[in-house]
Amino acid sequence: MDETQVLPISLDVAWDFFSDPANLEEITPPWLKFSIQSHDEGEMYPGMLIRYKVTALFGIPMNWITEITQVREGEYFIDEQRFGPYRFWYHQHHFSEVENGTKIRDILHYGLPFGIIGRIVHAVKVKGQLREIFEYRHRILRERFGE
């Protein structure tokens, strides 16, 4: 999955917003019942663990832990699932200045467990849910920062 959005804000404002895990709840759809259970305060750093609770599939609450594995301030950070609903989750967040503000690019690689069953669930449910999550996020960010 590869998503891009340009926001009419400075790179510094974009970085400050996206690199603060506390802002994740604001840009996550309410139907996920997403809540951060714990994270370190202050600047993001490699090795930072973020613990969430999320209700993703079939209304079942799940614990999810991601680790920030790489950070280049003002340019990108990467989070990887350490425990959660996916077989693997590798999410790159890239930031770059453009003429009208800042381009935010998300590159997401993921896989579900359970072999063929996981592939069916992906096709029927998860792929669409991820699309909805990014659409919601884009809308909330436009409302907050402008077009």
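1. Buried means under 20% relative accessible area, exposed means over 50%, and partly exposed covers the range in between. The structure is a predicted model, and the points below apply these cut-offs to it. Arg131, at 33% relative accessibility, therefore counts as partly exposed.

2. Arg131 is engaged in a salt bridge with Glu3, at 2.4 Å from N to O. Glu3 belongs to strand β1 (residues 2-7) and Arg131 to helix α2, so this pair ties together parts that are 128 residues apart in sequence. On the strand side, Glu3 is buried, with a relative accessible area of 8%. The bridge thus joins a buried acid, because 8% is under the 20% cut-off, to a partly exposed base.

3. The whole structure contains 9 salt bridges. Another of them is formed by Glu67 and Arg82, whose closest N and O atoms are 2.7 Å apart. This pair links distant parts of the chain, with Glu67 in strand β4 (residues 61-72) and Arg82 in strand β5 (residues 76-83), 15 residues apart. Arg82 has 43% relative accessibility and counts as partly exposed.

4. A further salt bridge runs between Arg142 and Glu147, with 3.7 Å between the closest N and O atoms. Arg142 is partly exposed at 33% relative accessibility, whereas Glu147 is exposed at 75%. Elsewhere, Glu67, Glu80 and Arg82 are joined into one network by salt bridges that share partners.

5. Helix α1 (residues 11-18) has Leu11, Ala14, Trp15, Phe17 and Phe18 as its buried residues. Viewed down the axis of α1, these buried residues fall within an arc of 165°, so they line one face of the helix. An α-helix has 3.6 residues a turn, so residues three or four places apart point the same way. The face of α1 turned away from the buried side carries Asp12 and Asp16, both exposed.

6. Those two aspartates recur in a negative surface patch, formed by Asp12, Asp16, Asp20, Asp40, Glu41, Glu43, Glu73 and Glu97. Within this patch, Glu43 can be placed in the loop between β2 (35-38) and β3 (49-55). Glu43 has 62% relative accessibility and counts as exposed. Helix α1 therefore presents buried residues along one face, while Asp12 and Asp16 on the face turned away belong to the negative patch.

7. The surface also has a nonpolar patch, made up of Phe114, Ile116, Ile117, Ile120 and Val124, with about 590 Å² of accessible area together. Phe114 sits in the loop between β7 (101-111) and α2 (115-145). The relative accessible area of Phe114 is 67%, so this residue is exposed.

8. Ile9 lies in the loop between β1 and α1. With a relative accessible area of 11%, Ile9 is buried. Ile9 and Asn100 are 91 residues apart in sequence, while their C-alpha atoms are 8.0 Å apart in space. Loop positions in this model thus include a buried isoleucine, Ile9, because its 11% is under 20%, and an exposed phenylalanine, Phe114, because its 67% is over 50%.

Conventions. Residues numbered from 1 in each chain as written. Predicted model: local features only at pLDDT ≥ 70, side-chain atom pairs only at ≥ 80, totals over all residues. Heavy atoms only, no water. Patch = residues over 30% accessible without salt bridge, like charges linked within 9 Å, V, L, I, M, F, W, Y side chains within 5 Å. Areas by Shrake-Rupley, 256 points an atom, 1.4 Å probe, with all protein chains shown as cover. Salt bridge = Lys/Arg side-chain N within 4 Å of Asp/Glu carboxyl O. Lys, Arg positive; Asp, Glu negative; His and termini not counted. Charge placed at Lys NZ, Arg CZ, Asp CG, Glu CD. Helix = DSSP H or I, 4+ residues; strand = E, 2+ residues; numbered from the N terminus. Buried < 20%, exposed > 50% of the residue type's maximum accessible area, 1.4 Å probe, protein only. Arc of directions from axis to C-beta.
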